[in-house]
Amino acid sequence: ARQFTRPLNDLANQWNTLLSAIAGAERVFEVMDEPEESSDEQAAVELKQMDGAIAFEQVSFGYDNNRPTLNGISFKVKPGEMIALVGPTGAGKTTLIQLLSRFYDADSGRVTVDGRDIRSIKRESLRSYMAFVLQDTFLFKGTIRENIRFGRLDATDEEVEQAARLANAEPFILRMKGGYDKVLDIGGSGISQGQKQLLAIARAILANPSILVLDEATSSIDTVTEIKIQEGLERLMEGRTSFVIAHRLNTIRSADRILVLKDGRLLEQGSHDELLRQNGFYRDLYASQLRKMAL
Ligand code: ATP
């Protein structure tokens, strides 16, 4: 499944690069294949704040001109809502997130945040209100403290530790020799997949985003860590607009709304119960996922 997560990982790398650029930090790593981005429109503004209301209005987009990857997508999200994106591989879930974060712009239709066309917002400004928690957490060579602080470079030690506590990461950090000052290698070798996720959650809590993007882990993580991650994620999502590329039924069931994508179209949207009643594609997907998903 790794290859399918690549677009989002690229996106996270770009976001991390930007984050360090915004904060004027040293470029801590090189991104090999950043796409060329056009410069912002002259009139693009910086946001002073963001509530996190989002609307897609008849959005179509194709990576190449003759084949649309997203086709006439429309939906609205209220601030603080949790949206689960589901659909088969290649349906367009990642692409939708790429448009929301303006790594690409719609060919037709528009995306708005708090009622404002996102093309009129500076990319840096838009992304400074977003955070990503992905399957592969980007960790660099440095202490745990520095790795968490990457979420907000001017955070104090106390704020870093507070974020770690909220994320449920502190117990495992304190169990390690060196604690917050333990030096991690690039990629975080020596800590588990689940622990990396707890660090990613801490980092995102510190970033305090209005919009959160989660790509739920598919890899098996032990049950105890899994529960810690779930709790940490719930605290992180509280009060923020969140998009979850969801693989777990529990997550999908607890979403305020589920967007069901297939072949670039938004087939169905609604709560779990509503969609089951519609007796459509979601119901089939659910039935087949039930057999293979972790409950
Ligand atoms: P998955 O669950 O496998 O991650 P997805 O629903 O996130 O899938 P996308 O990654 O959005 O799907 O891909 C939608 C379609 O766009 C696919 O056919 C994919 O091959 C294509 N695609 C994705 N990224 C690019 C790109 N950078 N250039 C060209 N085509 C792309």
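**Sheet and helix packing in a predicted model**

Modeller: The model contains an open sheet of four strands in the order β2-β1-β4-β5, paired in the antiparallel sense. This is a predicted model, in which local features need pLDDT of at least 70, side-chain atom pairs count only at pLDDT 80 or more, and totals for chains, interfaces and linings use all residues. Residues are numbered from 1 along each chain as its sequence is written.

Biologist: What makes β2 and β5 edge strands?

Modeller: β2 (70-77) and β5 (116-117) each have a single partner strand, so one side of each lacks a neighbour in the sheet. Strands here are DSSP runs of E with at least two residues, helices are runs of H or I with at least four, and both are numbered from the N terminus.

Biologist: How do you know that β1 and β4 are paired?

Modeller: Two strands pair if DSSP finds at least two bridges between them. β1 (residues 54-61) and β4 (residues 108-113) have five bridges, in the antiparallel sense, so the criterion of at least two is met. Phe56 stands opposite Val111 in β4, and Glu57 is opposite Arg110 in β4. Five bridges also join β1 to β2, which run antiparallel; there, Ala55 stands opposite Lys76 in β2.

Biologist: Why is α7 called largely enclosed?

Modeller: A residue is buried if 20 or more other C-beta atoms, placed from the backbone, lie within 10 Å of its own, exposed if 12 or fewer, and partly exposed in between. In α7, 13 of the 15 residues are buried, so the rest of the structure largely encloses this helix.

Biologist: Why is Ser192 called partly exposed?

Modeller: Ser192, in the loop between β8 (183-184) and α7, has 13 other C-beta atoms within 10 Å. That count lies between the limits of 12 and 20, so Ser192 is partly exposed.

Biologist: How does the span of α7 compare with the one expected?

Modeller: The expected span is 1.5 Å times one less than the number of residues. Helix α7 (residues 193-207) has 15 residues and reaches 21 Å from its first C-alpha to its last, close to the 21 Å expected. Just after α7, Asn208 takes a positive phi of about 50°.

Biologist: Why is α5 called oblique to α7?

Modeller: The axes of α5 (residues 157-166) and α7 come within 8 Å and cross at roughly 125°. Angles under 35 degrees count as roughly parallel, over 145 as roughly antiparallel, 65 to 115 as roughly perpendicular and the rest as oblique. The angle of roughly 125° falls in the last class, so α5 is oblique to α7.

Key. Axes fitted to C-alpha atoms, helices over the stretch in contact; angles between N-to-C directions.
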